[in-house]
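Open the model in your viewer and keep the selection panel at hand. The stops below go one at a time.

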Amino acid sequence: DRDMRSLGLQQVREEVPGKAATQRFAALLPKLPPEAQVGLLEALGDRKDVTARPAVVEMLKNEEEKIRTAALRALGNLGNGADVPLLARSAAAGSDWEKAAARQSLIRLRGDGVNAAIVAALAKGKPDERIALLAALGARHAVETAPTVLQYAEDSHAAVRLAAIGALRFLAGENHAAAVVKILKAAKDDKEQTAVESALLAICGRGREACADQLVAGLENVDPPARIVLLHALGRAGGAKAMEAVVGRLK
């Protein structure tokens, strides 16, 4: 009876506290039919008691895609930094549903050391894993990782570069403007240049006039498309120095 099951799962979520209860609920997972397994995995995730984590991780070995997807989703509330490599692999190589669940869980993971674990996984990951990890850092607003993300904005893999540049929209500050200008000058195509422009506009929206000097310096020895991007960014930065540089380009 689905209605009765829903009432029971609501009790699991909210009404039966304690680690001992969580362990008993988690121990039921292998014994239930698939639909009930999915429901219990979701309820355990919402319960947010990390006692259930080992049982949830074990369900990732299940042959049913919907069960693996539910387990990946639950890990967003139950996992920790140790689960980052596992989530990165699923975000890169699973089904579409698994990829989406793993990427959301990478964003939702909480606890000390998660951002550091993502940075560590970047160094070892395959390109598709790096793309998911970089997107997670941006969505997590992990501003302390901006120097590392800047390195991947010059990666040899085009999709990794784009992912890093996209993350910089959320992570980079005015002190990184010069580095982003350098990335702009090295942009390989229009898509990359457009991504850098979005990042620069976001940085200048936060740093305002503090970005102007680095943008003005970038105007020299740069091709016209990149110069146009810098002028757009100067408009966002504002201030007397930006005005002077923009007026000087009217000729």
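Which residues does E197 touch, not counting residues up to four places away in sequence? Select E197 together with V229 and H232: these two are its contacts, where contact means heavy atoms within 4.5 Å. E197 sits in helix α13 (residues 190-207); helices are DSSP runs of H or I with at least four residues, strands are runs of E with at least two, and both are numbered from the N terminus.

Before moving on, some ground rules. This is a predicted model, in which local features need pLDDT of at least 70 and side-chain atom pairs count only at pLDDT 80 or more, while totals for chains, interfaces and linings use all residues. Residues are numbered from 1 along each chain as its sequence is written, and side-chain values use heavy atoms, with hydrogens and water left out.

Colour by pLDDT, the predictor's confidence in each residue from 0 to 100. The protein has a mean of 96, and 100% of its residues reach 70 or more. Among the elements, helix α9 (residues 127-139) has the highest mean, 98, and helix α1 (residues 2-14) the lowest, 93.

Return to E197 and add R236. E197 is buried (under 20% relative accessible area; exposed is over 50%, partly exposed in between, with a 1.4 Å probe and protein chains only). E197 has no salt bridge (a side-chain nitrogen of Lys or Arg within 4 Å of a carboxyl oxygen of Asp or Glu). R236 is the nearest side chain of opposite charge, 8.1 Å away; Lys and Arg count as positive, Asp and Glu as negative, and His and the chain ends are not counted.

Next, select L184 in helix α12 (residues 177-185). L184 counts as buried because its relative accessibility is 1%. Leaving out residues up to four places away in sequence, L184 touches Q193, V196, L200, A226, V229 and L230.

Now show the salt bridges, of which the structure holds eleven. One of them pairs R161 with E192, with the closest N and O atoms 3.0 Å apart. R161 lies in helix α11 (residues 158-171) and E192 in helix α13, so the pair ties together parts 31 residues apart in sequence. R161 is buried at 8% relative accessibility, and E192 is buried at 3%.

Select D83 and R53 for another salt bridge (2.8 Å, N to O). D83 is in the loop between α5 (65-78) and α6 (84-93), and R53 is in helix α4 (residues 53-58), 30 residues apart. D83 is buried, with a relative accessible area of 3%, whereas R53 is partly exposed at 22%.
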